[in-house]
Structures are given as structure tokens and as C-alpha cells.
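Welcome! Let's walk through a structure together, one question at a time.

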Amino acid sequence: MCMATNKIVLFYGFTPIADTFAVKLWQRELAARWDLRGRIIVAPSGINATLGGTVQALKRYVKATKEYPGLQDIDVKWSAGTGAEFPRLSVKVRPELVAFGAPDEIEVQPGGVIGGGQHLAPAQVNQLVKERGDDVVFFDGRNAFEAQTGRFRGAVVPAVETTHDFIKELESGKYDDLKDKAVITYCTGGVRCEILSVLMKNRGFNEVYQIEGGIVRYGEQFGSGGLWDGTLYVFDGRGSVAFGADARTLGRCTLCGGATDRYLNCADAACTHQRLACRECVPGAAFANRCAQCVEERAEWLPRHLDRAPNQPVG
Ligand SMILES: [Zn+2]
Ligand SMILES: [Zn+2]
């Protein structure tokens with residue numbers, strides 16, 4: 001018997017999609033044909049996907065997807081997989097690739113977003129910091145909880161629970177002192193910064209950059225020897241991913257304060273909050289109790305089935 005090699009692919013592509021429903025059906029057919037699992041989001045502005053499967057199947061899927069106009073140059077990030085990261089396949093049409101709540105503010109052309117921050121290759125990020133020093137500020141484009149286990153050195157981490165909170169944060173005045181600095185936005189694979197950098201420029205941030213391929217590409221190139229500290233949170237069964245064996249553990253257990261990079265779901269299935277907990281405090285795969293926030297928000301408790309992976313945005 002031969003063991004097929006499993007991998008995970010992560011990619012996004014911005015291009016105008018007139019018939020999102022047809023593209024959804026096409027994508028679902030491709031993924032199902034090759035037994036791929038994971039999440040695909042189709043929006044009028046493009047496509048965003050994280051999929052797991054065998055290398056052969058993923059290669060065929062990627063090749064077919066690249067035939068769509070404007071997607072021929074998508075940057076596909078490959079990482080190791082076990083085949084167990086995703087319980088099922090989900091293909092959905094959404095108004096936005098990432099839910100910033102600003103679908104009318106983003107304009108796309110085949111191959112990309114119009115008016116976003118300048119893309120920097122990982123080496124150019126280091127170069128900019130070397131040349132400009134404190135004039136350069138890293139700005140976390142993820143949900144704040146993701147930054148608990150890893151972030152760029154000295155990064156500003158906005159108080160964002162979901163991507164929806166960014167506009168309110170940017171307009172709060174809290175970050176006005178960054179408007180004349182060189183701001184480098186970053187997120188997991190880069191998709192969120194494609195949008196965030198437009199929103200920032202539209203709100204008076206004068207010099208905005210984004211990292212080509214996001215933290216994933218930066219980590220691949222520099223491991224733990226660059227300006228990145230800690231591990232990378234990912235929206236699938238893997239939890240946190242380290243770039244090399246010597247990554248620092250920045251996360252702290254919610255219960256005992258000990259070092260940990262282990263994110264766990266709330267015991268409530270309707271709750272999307274993730275908290276850090278070490279193996280000694282919570283040996284199982286989820287908290288036994290609900291978090292304070294969801295107790296406050298909702299009276300009812302929907303017990304979680306432990307085989308369910310968190311269902312949240314990708315990239
Ligand atoms: Zn603990
Ligand atoms: Zn909760």
C-alpha cells in the first residue's frame with residue numbers, strides 16, 4: 001500500500017468575478033472531484049482558499065483554478081499537512097473575500113486590488129527597517145487574539161476582535177500618530193492586508209506597505225532569525241505553526257500564566273473566541289467552561305462536539 005503525501009495550500013486572488021454563483025459551483029466541483037477539504041470563499045472581488053489533500057490532487061486543482069482570467073499569477077503557499085486538518089469541504093459566496101464591512105470601498109482589476117499599500121518582499125521589509133529605524137511601524141492586520149503567540153517586533157496590535165472592527169479602530173484617532181510614519185501591515189498570508197492597506201490609505205495613512213505573501217512567506221525565508229517573534233496562529237486544526245525549532249513562546253496560559261502557544265475553543269459551539277491554555281490546565285481539546293464573554297452575550301449554551309474545527313476566515 002502506498003501512502004499519499006498530504007499538503008495544505010493557501011492562496012487568494014483578486015479579480016472581478018461577475019458570476020460568483022457559477023464560480024462557486026465550478027470550484028466545488030473541482031475540489032470534490034479530487035477529494036479536497038477545507039474552505040473556499042468566492043466574492044465579486046476574487047477568491048480565497050485553504051485546502052488540504054494529496055499533492056497530486058492539489059496540483060491539479062491549482063492548475064485548473066489558474067485558468068480563470070486574472071488568477072494566472074496567484075501566489076500559492078504550500079505547507080505540510082496530515083490530511084486531518086479539515087473535517088469537510090465548504091465553498092461559499094460572500095460579498096467580500098474578508099469581512100471588513102467595506103465591499104464598496106474595494107476596487108479590483110484582473111490580478112489585483114487597486115490602490116493598496118506597496119508590496120514588500122521579505123528582504124525589503126528588513127531593508128526598510130534597517131534604513132528608517134523607528135520611523136517604521138508594524139501594524140497587525142489580524143484579530144488581536146492571533147497576536148498573543150506571535151507578532152513582528154514592536155508591532156502595534158489594534159483592539160480588533162473580528163476584521164469587522166478595523167474601520168472603527170482606524171477612525172478612532174488612536175493611531176493618528178502613525179499617519180506620517182512608514183506603516184507595514186501584515187497578516188497570515190497577505191489577503192487581509194490587501195484590503196486593510198486600502199482602508200488605511202483612504203483614511204489618511206500616507207505611507208502604507210504590505211508584506212508579499214504575509215507572515216507565511218516571511219517566516220519561510222527568515223525562520224526565527226528575522227523581525228518576527230513567536231509562532232503563527234492558523235485557522236485550521238494545526239493551531240500555531242513555528243518557523244524553525246527555536247521559536248520563542250510568547251503566549252501565556254489564561255488559567256495559570258505559564259508559557260504556551262496552545263489555542264483552545266470555548267466549550268460553547270456557538271462561540272468563536274479562542275483562548276490560550278496549557279496542557280496541564282486543560283488536558284482535552286476544548287475548555288470545559290464557557291468564556292466570560294459569551295456568557296455575557298448569550299444565555300443559552302450549545303455544547304461543542306470536539307471533532308469540529310473552528311470555522312473562521314482564512315488568510
Ligand atoms: Zn496553564
Ligand atoms: Zn465563549
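Below are some questions and answers about this model.

This is a predicted model, in which local features need pLDDT of at least 70, side-chain atom pairs count only at pLDDT 80 or more, and totals for chains, interfaces and linings use all residues. Residues are numbered from 1 along each chain as its sequence is written, chains are lettered from A and ligands numbered from 1 in the order in which they are written, and side-chain values use heavy atoms, with hydrogens and water left out.

Q: Which residues are the protein donors of the zinc ion (ligand 2)?
A: Donors are N, O and S atoms within 2.8 Å of the metal (3.2 Å for Na, K and Ca); water is not among the atoms, so sites may look incomplete. Here the SG atoms lie 2.2 to 2.4 Å from the zinc ion. In sequence, the donor residues follow the spacing C-x4-C-x19-C-x2-C. They are Cys266, Cys271, Cys291 and Cys294.

Q: What is the arrangement of the four donor atoms around the zinc ion (ligand 2)?
A: Four donors count as tetrahedral if all angles lie between 85 and 135 degrees. Around this zinc ion the angles are 100 to 115°, so the arrangement is tetrahedral.

Q: Is Cys294 buried or exposed?
A: Buried means under 20% relative accessible area, exposed over 50%, and partly exposed in between (1.4 Å probe, protein chains only). Cys294 has a relative accessible area of 1%, so it is buried.

Q: What is the order of the strands in the open sheet of four strands?
A: Strands (E, at least two residues) and helices (H or I, at least four) are DSSP runs numbered from the N terminus, and two strands pair if DSSP finds at least two bridges between them. The pairing in this sheet is parallel, and its edge strands, β8 (118-120) and β9 (136-140), each pair on one side only. The order is β8-β12-β11-β9.

Q: Which element gives the most to the largest nonpolar core?
A: A nonpolar core is a set of buried Ala, Val, Leu, Ile, Met, Phe, Trp, Tyr and Cys residues joined through side-chain atoms within 4.5 Å. The largest one has 28 residues, and the elements giving two or more include β1 (6-14), β9 and α5 (191-202). With six residues, the one that gives the most is α5.

Q: Where does this core lie with respect to domain 1 (6-97) and domain 2 (112-235)?
A: Domain bounds come from an automatic or database domain assignment. Both domains give residues to the core, so it lies between them.

Definitions and conventions:
Tetrahedral: all angles 85-135°; square planar, octahedral: opposite > 155°, others 65-115°.
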